Amino acid sequence: MSLESQNVTDYPNINTIFMVWKLHDSPQLKNVFQRLCALVLNLNNSVFNRFPDSRASCVMGIGYEAWKKLELPEPLPKELAVFSEVKGVKHTAVSTPGDLHFHLRADNNSICFDMAIEISKLLSSVAESILEIHGFKYWDARSILGFVDGTENPHGEDRDYFAKIGDEDSAYKGGSYLFVQKYIHNMDAWKGLSTEEQEKVIGRSKENDIEMSDDVKPSNSHIALANIGDELKIVRDNMPFGSPSTNEFGTYFISYASTFTTVEKMLTNMFIGDPPGNYDRILDFSTAETGTLFFVPTRNMLDDFGG
């Protein structure tokens, strides 16, 4: 059987639902998990056959503690662990719990919604939902802050290279490390900046998404610190979300990577700074409320887990 990865390299879709679940201690847990793995495969096959042009998919990630609780294969993926917070002088990339993560996307929100319902029906007896975010495409792939998001994403075959584990961990080849953070933006403070000041925070022009030259770009801009080189990239699938009536707006940061050390380097640059103290200025306007690491097994592994 050929190796089949879950859909970690597709480009962001128009509609997305993110869900994080915490597992209970239950005698039915392993049985439900087996059925869940089969369900994820079934959902992907079904939406592909029913809506072949919708780019719909369901990707499931498994956290370290869930992997141990479910007694999944050992040794574990080499870099799967409980995420350790990254604490800087002013801002912290917090570590928060999460056993299972679901990334549901489609061009029709009805597809995402129905997939979320089926997953929730199955899991509700052995787990609780601790986070659900409904993301959407905002204009030309912009975040709520008004700047284009994901410009530095790899393209083509590079997406496979940077998102999927290779021969360095042969037992988990084709899998991926999934890291997520829910960011809440202080829009009142952000809108208090002029466009020129906002551009210095990001390191790009707001209208045309053109990166500033190195001699102009501030060393504490987001672009200067979050982009750590052409050889160390990740596949971002960030989505904006918000509630105008409550004035809560944010970005769900989601990355797929062949190695979590790449993401750790990026977080260290952003929160501690390079050099230390020179932290990412965007953090003065964006607060990370969650931070969790998961492993995304291949479809082949899900098939094995599902019995």
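Here is a short chat about reading a few features of this predicted model.

Trainee: What should I know before I start?

Mentor: It's a predicted model, where local features need pLDDT of at least 70 and side-chain atom pairs count only at pLDDT 80 or more, while totals for chains, interfaces and linings use all residues. Residues are numbered from 1 along each chain as its sequence is written, and side-chain values use heavy atoms, with hydrogens and water left out.

Trainee: Which residues does UniProt list for "domain: Dyp-type peroxidase N-terminal"?

Mentor: UniProt, in an unreviewed entry, gives residues 17-137; its positions use the numbering here, feature names are shortened, and annotations may be inferred rather than shown by experiment. That span is 36% helix and 28% strand, with its end C-alpha atoms 12 Å apart. Helices (H or I, at least four residues) and strands (E, at least two) are DSSP runs, numbered from the N terminus.

Trainee: At what angle do helix H1 and helix H3 pack?

Mentor: Axes are lines fitted to C-alpha atoms, for helices over the stretch in contact, and angles run from 0 to 180 degrees between N-to-C directions. Helix H1 (residues 29-50) and helix H3 (residues 109-123) pack at about 165°, their axes 10 Å apart. So H1 and H3 are roughly antiparallel (angles over 145 degrees count as that).

Trainee: Any backbone oddities?

Mentor: Most residues other than glycine have a negative phi, and most peptide bonds are trans. Glu 71, not a glycine, has a positive phi of about 55°, and it sits in the loop between H2 and E3. Pro 75 is found in the loop between helix H2 (64-69) and strand E3 (86-87), and a cis peptide bond joins Glu 74 to Pro 75, with omega about 0°. Another cis bond, omega again about 0°, links Asp 274 and Pro 275; Pro 275 lies in the loop between H8 and strand E11 (286-288).

Trainee: How many cavities of 30 Å³ or more are there?

Mentor: On a 1 Å grid over the protein atoms alone, a cavity is a set of points where a 1.4 Å probe fits but cannot get out, and lining residues have an atom within 4 Å of a point. Points are joined across faces, edges and corners, and a volume is the space filled by probe spheres set on them. The count here is 1, and the largest cavity has a volume of about 470 Å³. Of the 27 residues lining it, the closest to its centre are Asp 149, His 222, Arg 236, Asn 238 and Ile 282.

Trainee: Which elements each supply at least two residues of that lining?

Mentor: Strand E7 (176-185), helix H7 (222-226), strand E10 (248-257) and helix H8 (260-271).

Note on methods: 1 Å grid on protein atoms, 1.4 Å probe; cavity = no way out; pocket = protein on both sides within 12 Å on 5 of 7 lines; lining within 4 Å. Parallel < 35°, antiparallel > 145°, perpendicular 65-115°, else oblique.
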